[in-house]
Each structure stands twice: as structure tokens, then as C-alpha cells.
Amino acid sequence: MWKNFEEKLIEWAGKISRATVLNVIQHSFMLIFPFMMIGSIFALIAGFPSAAWTGLLASTGLDTILNIPVQYTTEFISIYLVFAVAYYYCVEKGNKKNAIVTGLIALFAFVILVPYQTVGESWDAVTSIPFTYTGAKGMFIALFVGFGVGALCTYANKKKWTIKMPDSVPPFVSNSFSSLIPAFLVAFVFIIIRYVFTFTPWGDVFTAFYTLLQKPLSIVTSGPWGVAVIETISMTLWWLGIHGGAVTYQMKNILFAEARLGNLAQYAAGQQMTSIVTGLFLTPGVLPLIFMCFVVGRSHRTKSVTRVAAVPAIFGISEPINFGLPTVLNPIMAIPTIIAYPVSVFFTYFLNVVGWLPYCNGTQIRNCPYFILAFIQFGGFVGLFWWIVLFIICCLIYLPFVRALDKQYVKEESRATVLQNAQESIVDASNTEDTITITCAKPEKVIELFAGKEVAGIAFEVVSQKERSVTVKFDNTKNSKKETMGALKKFMKSDTYFSGLMVQIK
């Protein structure tokens, strides 16, 4: 029964993964993955939870320097994403020739929409684009802009809305002019969009999007269901490749600020804490996923990724495993990725209600290992013990899905190994007395002609194919190699198809 479930799961995953939108998004996030990795590593170094370490960085000024790579990676990620989405959309739609320039046009369109700010007056005025919407909070709009510009430019090129230059003009010049009309069309459309939003209560596209997203979330924050809904949205975004925590953090921070700060004040005063729901619940993060990959992983891909992702995951950095395994846009990993944290929310809330677990005291520490947070936020060793229990529960949730994914990777690696061995075992047989190698632009035509058939009165059998070369075998007891090559060359010259091709026989 379980074997059938795994097969159905993998079959379903294969169908989903072939969808154009998912392919574009997945390839885009893999392209910008190095930036996410760089940002995660520098964030881990700069935010390591040690007073002595952070004090040393502050005293030497290194904290500011280490935050620069973080700013221009994680807080600039939407800039890279909008280019990647437009680029891969063109590639997916067969418009690879214009993919790079379309990516640049998409970047231009995204910057048009980003609200800028001006500081100072007259000659001292400085206009700048803040990091507010160039990071995770701008990723939704970046996706829409990337797909929109990609579709618009691909359509324009398909309809030949381009400036055709004379043949004497160098290709790099004519390619630049061919993109002028699509670029002007995109500029016109996105300037209108920005102008229209100035008449709305929000003033810009980004504020409108996040304001409208925040309203439905504010209705469901009175109990654990509210947190579970927010975290389900957050984890769904993670599965889609968007930093869900960065998208929902500010909303959750505002919605639960009163309860969280109230508990913190009561805790500091030694009073009984009154708010069960503070927006902070115990979670093992992606550590159960990594642990299950270590336990049941047999593929080289699973093992290598988890070795790299283990240490960052301890400090709450999940990008390496999410984008490396990946869980992002991976249909097999959708269910455990989305439900693991909401399950932790409900179990923790239940223990709070029955009095087996103290309420969260509202403290927040960045880049702190989850088990240390459990100790600090939820009553010391009681919280740590419950974190261990949650870790085991989440491991059981991940187990069947990790096993199914790993089996898929093992099959893929086995096929790749067989193919590689087969290619390496192909021997150049052109020097043997009973084989001849034919090289041309259409090797499939050679295979079709020579496979088990007679050519020029000689029976041939196809032995192997390597790139554009096909090796055929003949009976050298009936015809010598010299006679056979002479007959083939004569046939190739007289044949209406092969006479026009550059065919080499050796």
C-alpha cells in the first residue's frame, strides 16, 4: 500500500513540476540561490547569539561591514528575482534570444513601481530607493512584474513589433534596436500603473498589496487559529520560494505586539502572564527535515545538501535546505513543509491551556537556536523538553515524504550513472577492420538508413552513437574495409540527401 502511495506521489509530482509557471519560478530561485546563501552566511556571522562576539563586532565596527552583504543580498533579492523570472519565462517560451534584455526591461519596470523617498530640501535634497520593497516584501510584486514583462516582450517579439535594421548592421546593434518597441511598451504600461495608484488611498502598488493582505489576517488573530493561518500562509510562501517569514513577520509583529509586550512586562515584574497567544510558538524549524534526511537519505544529493544545511539550520537559517534539497516548489514536500509548523502551534496551545507548559514570556532573539529559544521563552527545562517532543512529532511528519523524495533521487542518480558508464564504455571503433564511423549533421538519418539494412549492396548494423558520429558494423569476410568505404563514399555522393551534407567516413 505504501509503495503504491509513493509511486502515485512521485507521478503527481512529475506532472506538477512540468507546469510552465512552476518551472520558471523554480529555475529563477535556483539562479538567485547564491545570493541567498551569501546573505544567510553573513547574517549568521553577524548575528551569532553571543554577547562577547556581538560586543567585539560592535567595538571594531565589523558589525556594519558584515551587514553590507546581507543588505545587498537578502534585502535586495527582489531586484535579482524580477530579472530571473523574466529571463526564464522567455527561455521557457522559446524566446531565448531576447531573454537577457527582457530581464533588464523587467528590472526597469520593477524600479518604476518602487516608491522612492526624498530627504532634505533644495540643493541638499537626496532622492533614494529604500530597501523596504527591494527585499522579501517586494518578492510578490517582483514575480508579477517578471511574468508580466516576460509575457509582454515575448508577445511583442512574436508579433514582430521590432525595429528591423539592415543586414549590414552588426548583430549586437540590431539586437539593441529590436528591443526598443517592447521596452517603450513596458515603460508606458508600468508608468500608467504607478500613476493610477497615486489616486488610491495607498499611494503605490506595494502599500496596496500589503494593506489588503493584512486585513483578512487581522480577523483571525484572537486564538491559535489565527497564528496557524498566518503560519500556513508563511510556510506556503516558503514552499513557493518566497521568504514567508519576511512577508508575514511585520503583520504578525503588529497584530500580536500588545499581547507579547504585555507578557514580557508581567514576566519582568514577576507577575502571572495573561496572554496565551503572543504570535510566538515553539517550533523545531527545518531541523526535523534535516535529521530525517540524515537518517533515511541514501542519494548523494540528499546527503550532500543536508551536510551543508545542518549548521545554518541550527541558527534558524533554512534557505540552504529549502532551495538545495529543494522543498521549494517540490510537490512531494508540499504537505510536510506547510503543515509542520501549524501542528506545532496547536500542540503548544493545548499544553498552555491545560497548564502543562508556561505561557510564552514574549522575548525575541534573532538567529538563536530553536531549542535555546524554547528554554528562554517557555519556562526553562519544561519548554526544552516539549521542544524535543515536538521535534520527534515533526520527524514523523517528514519521514514518509523524505523517503519518497530520496527514492526518486536514487532512481535519477542510478539512471545518470548507467548513462555515464554507457557513454564512457563507447570505444572509438573506427580503427577496427569491421566497423566504420560516419559523421554528419543528422546522425539520426544515418541510423535510420543503416540500422539492419543493406546500403550499396552491403549489410550494416548500427553499433553506437556519440554526439554527431554513428559507428556501423559490417561483415569484413565478405567485403574488406577499403572496398566498403569506397562503396559508401560513392553512395553518399550519388544520394540526393547526403550529397548536400558534409559527411566524413573513416
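**Exercise 1.** Determine whether Cys153 is buried or exposed, and establish its disulfide status.

*Solution.* Step 1: Cys153 has 1% relative accessibility and therefore counts as buried (buried: under 20% relative accessible area; exposed: over 50%; partly exposed: in between; 1.4 Å probe, protein chains only). The model is predicted: local features need pLDDT of at least 70, side-chain atom pairs count only at pLDDT 80 or more, and totals for chains, interfaces and linings use all residues. Residues are numbered from 1 along each chain as its sequence is written, and side-chain values use heavy atoms, with hydrogens and water left out.

Step 2: The structure holds 0 disulfides, a disulfide being a pair of cysteine sulfur atoms within 2.5 Å. Cys153 is in no disulfide, and its nearest cysteine sulfur, that of Cys90, lies 6.5 Å away.

Step 3: Cys90 is likewise in no disulfide, and with a relative accessible area of 0% Cys90 is buried.

**Exercise 2.** State the accessibility class of Tyr155 and the helix in which it is found.

*Solution.* Step 1: Tyr155 is found in helix H8 (residues 139-158); helices are DSSP runs of H or I with at least four residues, strands are runs of E with at least two, and both are numbered from the N terminus.

Step 2: Because its relative accessibility is 41%, Tyr155 counts as partly exposed.

**Exercise 3.** Characterise the spans 68-91 and 98-118.

*Solution.* Step 1: UniProt, in an unreviewed entry, lists both among its "transmembrane region" features; such annotations may be inferred rather than shown by experiment.

Step 2: Residues 68-91 are 79% helix and 0% strand, with end C-alpha atoms 33 Å apart.

Step 3: Residues 98-118 are 71% helix and 10% strand, with end C-alpha atoms 35 Å apart.
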